[in-house]
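Student: Could we go through this model together and set each descriptive word against its definition?

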Amino acid sequence: MRIVTVRRLSQIFFLIVFLWFCIVATVGTAWWQWRGWPINWFLELDPLTALGTGLATWSLYSGLLWALVTIVLTVFVGRFFCGFVCPLGTISQFTGWLARRRQDTASRLEANRPRPLQSFKYYLLAFLLVLALMGTVLTGLIDPLPLIYRSVNLTLAPIADQGVNVLSEGPRYYASAWLIGIIFLAILGLTLVRPRFFCRFLCPLGALFGLASRFTPWRIGKTTDRCGECRLCDEYCEGGCRPSGKIITGECVLCFNCFDRCPVGRITFAGKPSAAGEEPWPDLSRRGFVVAGTGLLLVSFWEIGGLSGPYRNSSLIRPPGSLDEERFLARCIRCGQCMRVCPTNIIQPALFESGIQGLWTPSISYRLGSSGCQVNCIACGQVCPTAAIRPFSLEEKLGAGDFSAAGPLRLGTAFVDRGRCLPWAMDRPCLVCHEVCPVSPKAIFVRTEYVIVRESQGLPARIQGQEVELEAPFPGGVNLASGDYYLRPSGQSDAELRRIDGFVGSKLTLESSLPAKGDQSRVDIVVKLPRPYVDAAKCIGCGMCEHECPVAGRRAIRVYNENESRSRSGRMLI
């Protein structure tokens, strides 16, 4: 079998495996849904993720030890991952092949000519590693594996599942999916300009592989420094590494097109240098690496920006099990796995709620999801590949068993906005937040007050036992028979209240008789208002109340990150 055929079969296989992992990353009862599938395997193979989080935390999460396998193989055979495994590389190569099937030889040669811009990814790698060394991991923004996971899980999968609801029980929405999708389409669009544009010019993982393959014993090369004029090897090269001449070994992605196309067999893959000469990498300058070192200055800007630490955005809520913000940003690679697996769709990619360093990190939005955080769900902690969201058990989340002394995991605390709450601001009865609170005993409790309805004090009426006829139709425009409205003789105490059971025009029917005081009496119409309060000692910040609040727009009860379990800053209400 031709080596190019082997490479294509390998690419198809790993692409299918990757897509399968994206499909099964959902909680449900179907056989194909997540049952311990190794859905993070590609991310765990990523040495840039391991290196970035390792520099930021001086530790290595156990799953990332798979990255050692990738590095060892790269040291021995070169950038095999780019040519045989990487899903984004496969998609880019296929897109470029579609765009260039009918191009002439001159156009292909021009497109595959090595360019100085190919050194940019090495400077980008240095910049990202400097940031990681200072405690901020931004590798996931441009690392191809988190990038492709994020793009597929948060944009392509919801579009493909729209109206079908096979991948999820209902439609999925992600706040910045439009931006993620545009970036993914831009990467594919640039492939139409240059073959594997992202791989050649932008991929920091490719740069890391290029550095690791510096002394690889097995490499693409030529058996003689002389060659014909066909240049078929350059015409079909995917890496822009100049196989017809002095090959740039760090840029070779092992597509083996040159090996397969050479009509005289002068291209070989062997344990010796190329007879036509080699260069390890594109022309790298000291100035470029000095510019990459400005990451040190950027970290300082972020620190004095006040977006982290005790002054960070109080509405920024992280998933349960998240580490404190400093360690969280030192581990999160923005892969979107927790967002994809969340059954209620409340974990969303953040924009700038926690500054640039928090871009696309997971945050919770109780409005976009289908519910609050389910108290019996621990999925997000099980899928995080770097333990930015640490694994936790259901007992720990509920504060049961061995964790009863510590109490349940708290995402934050709910606060009632009395300026928007119906019972407080509008004198309209509402019990929704109290009813949906899943905590037992409930964290949201009510204190009932009876308030005279506006323009309903001292209304002239004729009282005849349980029947009361108002002198004029009631002007309030509400359903007095809803069970929340009462009537009493004007000026009397609440002990004289009678619930209104029926209401037609100006006639009221009461639950029990009201003593008559002459043909003409005056009555008050009173509304029963269960006004909500939050017990901060019991609230876990699950957001059920915020999600179900009937007030449109900005909810009347909202969860903020005060009292969160992960806090190291001491911002505790209790």
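**Strand pairing and helix crossing**

Tutor: Strand 10 and strand 13 (residues 507–510) run antiparallel and are joined by 3 bridges, with V468 opposite L508 in strand 13. The model is predicted, with local features needing pLDDT of at least 70 and side-chain atom pairs counting only at pLDDT 80 or more, while totals for chains, interfaces and linings use all residues. Residues are numbered from 1 along each chain as its sequence is written, and side-chain values use heavy atoms, without hydrogens and water.

Student: What makes strand 9 and strand 10 a pair?

Tutor: Pairing requires at least two bridges found by DSSP, and strand 9 (residues 459–464) shares 4 bridges with strand 10 in the antiparallel sense. Q464 stands opposite E467, and the two strands form a hairpin with 2 residues between them, where G465 in the turn has a positive phi of about 70°.

Student: Which side chains of strand 10 are buried?

Tutor: Buried means under 20% relative accessible area (1.4 Å probe, protein chains only); V468 and L470 point to one face and are buried, whereas E467 and E469 point to the other and are not.

Student: Why are helix 1 and helix 9 called oblique?

Tutor: The axes of helix 1 (residues 3–24) and helix 9 (residues 144–160) cross at roughly 50° and come within 10 Å. Angles under 35 degrees count as roughly parallel, over 145 as roughly antiparallel, 65 to 115 as roughly perpendicular and the rest as oblique, and the two helices are therefore oblique to each other.

Definitions and conventions
Buried < 20%, exposed > 50% of the residue type's maximum accessible area, 1.4 Å probe, protein only. Axes fitted to C-alpha atoms, helices over the stretch in contact; angles between N-to-C directions.
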